[in-house]
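Student: I would like a close look at the salt bridges in this model. Please walk me through them.

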Amino acid sequence: MADNDEFFMREALKMANEAADLGEIPVGAVVVCNEKIIARCCNLTQQLNDATAHAEMQAFTAASSIAGKYLQNCTLYVTLEPCPMCLGAAFWTQIGRIVYGAADNRKIVKDKSQLLHPKTVIEGGVLEDECAELLNEFFRNKRN
């Protein structure tokens with residue numbers, strides 16, 4: 001599964017780079033079902049003037065239009081550990097698995113598993129350095 005996880009995280013990284021090109025915080029997400037990408041999204045909070053337009057939220061909406069409102073047989077790959085809002089949405093989609101790249105060091109919620117559906121599996125650290133570097137570079141450039 002590790003090879004597949006890296007492949008799909010690289011696809012999420014492509015979306016994160018698209019977000020960066022748009023001036024968005026570079027977070028990308030893909031939803032995979034039966035080894036096929038059914039949604040590709042990036043942060044669009046600035047473009048849509050919508051604080052809830054995180055990559056994960058966009059991906060859930062796009063995937064649900066294909067797979068139905070419950071995504072138990074799907075995996076979300078996202079370049080940054082999901083925030084509480086996105087974890088709450090993940091709960092309602094009943095997504096089967098979440099794989100993220102970089103950890104969110106803000107630690108808004110200490111035990112994020114509390115916000116997940118009991119059957120959802122969450123794993124982190126896939127291509128963590130690449131995902132973190134993209135975010136760090138974005139914020140370094142913002143400060144200069």
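Tutor: Here is a tour of the salt bridges, with a stop at the pocket afterwards. Keep in mind that this is a predicted model. A search of the whole structure finds six salt bridges.

Start with R10 and E130. Their side chains meet at 2.9 Å, N to O. R10 lies in helix α1 (residues 2–21) and E130 in helix α5, so this pair ties together parts that are 120 residues apart in sequence. R10 is partly exposed, at 38% relative accessibility. E130 is also partly exposed, at 38%.

Next come R97 and E123. This salt bridge spans 3.0 Å, N to O. R97 sits in strand β4 (residues 97–102) and E123 in strand β5 (residues 121–123), so the pair ties together parts 26 residues apart in sequence. R97 has 12% relative accessibility and counts as buried because the cut-off is under 20%. E123, at 33%, counts as partly exposed. D5 joins in as well: D5, R97 and E123 are linked in a network of salt bridges.

Then take E133 and R140. Their side chains meet at 2.6 Å, N to O. E133 is partly exposed at 37%, and R140 is partly exposed at 39%.

Now the pocket. The largest one has a volume of about 610 Å³. Its lining has 29 residues, and those closest to the centre are I25, L80, R106, L135 and F139. Helix α5 gives the largest share of that lining, nine residues. By class, the lining has 13 nonpolar, seven polar and nine charged residues.

Terms used. Residues numbered from 1 in each chain as written. Predicted model: local features only at pLDDT ≥ 70, side-chain atom pairs only at ≥ 80, totals over all residues. Heavy atoms only, no water. 1 Å grid on protein atoms, 1.4 Å probe; cavity = no way out; pocket = protein on both sides within 12 Å on 5 of 7 lines; lining within 4 Å. Points joined across faces, edges and corners; volume = space filled by probe spheres on them. Helix = DSSP H or I, 4+ residues; strand = E, 2+ residues; numbered from the N terminus. Nonpolar A, V, L, I, M, F, W, Y, C, P; charged D, E, K, R; others polar. Salt bridge = Lys/Arg side-chain N within 4 Å of Asp/Glu carboxyl O. Buried < 20%, exposed > 50% of the residue type's maximum accessible area, 1.4 Å probe, protein only.
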